[in-house]
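Open the model in your viewer and switch to a cartoon view. Keep the selection panel at hand for the stops below.

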Amino acid sequence: MLGIVVRPGLGFAVVCLALVTGVNASTIAQGDRFRKCWEAKVPGHYGKVFIREDPGYNDRMTRNYEPDPTKAPFAFVDCENEFAVQAAIRCAAENGLQVCPRSGGHSRIGSSMCDGVVLEMGLIGHLQVSENASKASVGPGLTNGVGIYHLLKNYSRLIPVGKCASVALGGYILGGGLSEFSDKLGFACDNLVSVSGVDGMGNIVHASQTVNQDLFWAACGGGAGQFMAFFNYTLNTAVSTVYDNFVGFRYRTPIENVPQVLHWYFGFTDQEASNVQLRLRLVIKGSTNKGNNSEYMDLAGACYATSDTAQCRDLMVAKGFNSSMWNERIFMPGYTAMDLIKFYAESEMFTDEKALLEHGMLYVEGSSSRDNVRVTALGFRYQGNGSIPTQPPIDYFVNYIQQSQTDCNMTGLRKCITIFQALGSGITSISENSTALYGLRLSTHWISIRIEARLTYENASSDSLIRHQSYLAAESMGNFVNYQDDTLGSSYPEAYYGPGYTRLQSVKALFDPWNIFLSSQPVTLPPSSLLRRSLNVFPMERSGYEDEPFFWKRYSSFPQVQPRLDFSSMELDY
Ligand SMILES: Cc1cc2nc3c(=O)[nH]c(=O)nc-3n(C[C@H](O)[C@H](O)[C@H](O)COP(=O)(O)OP(=O)(O)OC[C@H]3O[C@@H](n4cnc5c(N)ncnc54)[C@H](O)[C@@H]3O)c2cc1C
């Protein structure tokens, strides 16, 4: 049997490898079939297939921020353009395999690494801007760092990027994309004009407000790895010059002041109108490795549209900021939006703006043994006894801090950090039904909790994260899907999508009826779609592009691979 399935001329080597690695012969045969299928469908070889015994396979195993060592992908496919993606999906389906897209590998729970075929979308990293730069088309592999650097530097435009330069826009946008700029500019996905991707049947599909509206709705907060491998996102960009003048500040206060500070902050709701942005970071336990075990709260923020430090101080005081409670660490004017991005990033790597490019790398350094870290983020809205959101009383925060302190001092835990960000009208003025992002639209604040435990205390961080969430449960409006949280168990559909989940299931049935996309926290097919699945038909084309003739023409032949970065001002062709 083995002799029949191995490749001629390589028989001995492949059989030996199979015995040594435990990869069985039928897997190798399936791998060969998959590779041949892909190469036949992509004559230009826009990429490459790596099956388990190939050099390069192990290297790709480590390209995740939080790699999941229990996953053993059948193959990785480097996809340099959408046709490579199409072929990979079709060949996976023909060989009974499932797929998962990976762009920057920053999933918090390693969900871009699956046991099926990993579609390496990170190689599609173009940036094109429209003639007046009011729109930008980006590939999924373009990182927050590289994207924002070129938008700012060349066009004085921005999109609401997060401060981690190496997060790719591919996953970031689909899960929402929360930024320090979101007060005014909304989630990154609120700026989407259109998306293009390959569906679970291998067809290229375009979605916007007028075409495939349900898919477009889903792409904002519900689309990551569920039913489509997106290869282009077109977004509105904002003029960055409004951020050119700012005063940035950082303060620290001891733990005993924190309940009062939080009480003040949760009453401070009109920051977008008053041009002040504030974020709070509560540290109950710092890294013991660094000898930092104290408890404190940091405040970081900026006054916009002024470089006048006195004016900024006055504005803060007018907003009830009590400087006597704080130890000032930085209070400095800035004169470019690039400086503001660097200031928010708080990181050494941003001291030189070129570092945005160097560190805006596609993947973080490979690592397969990260610490025992669990992260979640939730939408918060305090209602007291009524339905109108109000400012929680000081006692509410006294209780939270006490519970968190008790928890974080349990054996095995070494870091407990909670971040608070008020959500401005950029997010909350958009109806909760207009995108798949649900709970955060109804919230007043975003709260992220990060718990780290020593490696030997296997469940300590997840147990603590569950308890921390329970302290806030009565005010929680659900979880933020970009901070995927595997402690949610079977409640993740409700937590991420609220009542929108059934609509997402319909989108799944339409664009991935054979459940080709494999996800750690899947949007499952609705029961009514099971009949369609059993038909076992594999359509090679989807009609319905009549209203987008230009788009359809664009993809009727194999174009040259897009250069990774293309800064020439040109008309959008997506
Ligand atoms: C250090 C760090 C900082 C972060 N900061 C922020 C922040 O400030 N704001 C914020 O909102 N989020 C933040 N995140 C969360 C981050 O945005 C999400 O984890 C995001 O999904 C990462 O995208 P990626 O492409 O880098 O990751 P990947 O791991 O490649 O992908 C994440 C998910 O998206 C899917 N996916 C990826 N590409 C595609 C595609 N082309 N088509 C369809 N599905 C795709 C994957 O299958 C997977 O399910 C941060 C994460 C980390 C680790």
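Which strands does helix 5 lie across at about 175° to strand 4? Select strand 2, strand 3 and strand 4: helix 5 lies across these. Keep in mind throughout that this is a predicted model.

**Stop 1: the four-stranded sheet**

Stay with those strands and add strand 1. The 4 strands make an open sheet, ordered 1-2-4-3, with mixed pairing. Its edges are strand 1 (47-51) and strand 3 (99-102), each paired on one side only. From one strand to the next, the twist averages 20°.

Now select residues 75-79 and 117-120. These are strand 2 and strand 4, which pair in the parallel sense over 4 bridges. For one such pairing, pick Phe76; its bridge partner in strand 4 is Val118. Then show helix 3, which packs on the sheet and touches strand 1, strand 2 and strand 4. The direction of helix 3 makes about 175° with that of strand 1.

**Stop 2: helix against helix**

Select residues 25-41, helix 3, together with helix 5. Their axes come within 9 Å and cross at roughly 145°. The crossing is right-handed. Turn on side chains. Helix 3 contributes Phe34, Cys37, Trp38 and Lys41 to the contact. From helix 5 come Ala84, Ala87, Ala88, Arg90, Cys91, Ala92 and Glu94. By class, that gives 8 nonpolar and 3 charged residues, with no polar ones.

**Stop 3: the five-stranded sheet**

Next, show strands 5, 6, 8, 9 and 10. They form an open sheet of 5 strands, in the order 5-6-10-8-9, and the pairing is antiparallel. Strand 5 (127-129) and strand 9 (204-208) sit at the edges, each pairing on one side only. The twist here averages 20° from one strand to the next.

Zoom in on residues 192-199 and 228-236. Strand 8 and strand 10 run antiparallel there, joined by 7 bridges. Pick Ser194 and find Thr234, its bridge partner in strand 10. Helix 5 (residues 82-94) packs on this sheet, touching strand 8, strand 9 and strand 10. The helix makes about 45° with the direction of strand 8. Then select residues 144-155: helix 6 lies across strand 5 and strand 6 (135-138), at about 30° to strand 5.

**Stop 4: the ligand**

Finish by centring on the ligand. It is surrounded by 32 residues, the closest being Pro101, Ser103, Gly105, Ser112 and Leu178. Three polar contacts are worth labelling:

- Ser103: an N or O atom of the side chain is 2.7 Å from a ligand nitrogen atom.
- Gly104: a polar backbone atom is 3.0 Å from a ligand oxygen atom.
- Ser111: a polar side-chain atom lies 3.2 Å from a ligand oxygen atom.

Note on methods. Residues numbered from 1 in each chain as written. Predicted model: local features only at pLDDT ≥ 70, side-chain atom pairs only at ≥ 80, totals over all residues. Heavy atoms only, no water. Pairing = 2+ DSSP bridges. Helix = DSSP H or I, 4+ residues; strand = E, 2+ residues; numbered from the N terminus. Axes fitted to C-alpha atoms, helices over the stretch in contact; angles between N-to-C directions. Contact = heavy atoms within 4.5 Å. Left-handed = near helix turned anticlockwise from the far one by under 90°. Nonpolar A, V, L, I, M, F, W, Y, C, P; charged D, E, K, R; others polar. Near = heavy atom within 4 Å. Polar contact = N/O pair within 3.5 Å; in protein donor to acceptor, adjacent residues only side chain to side chain.
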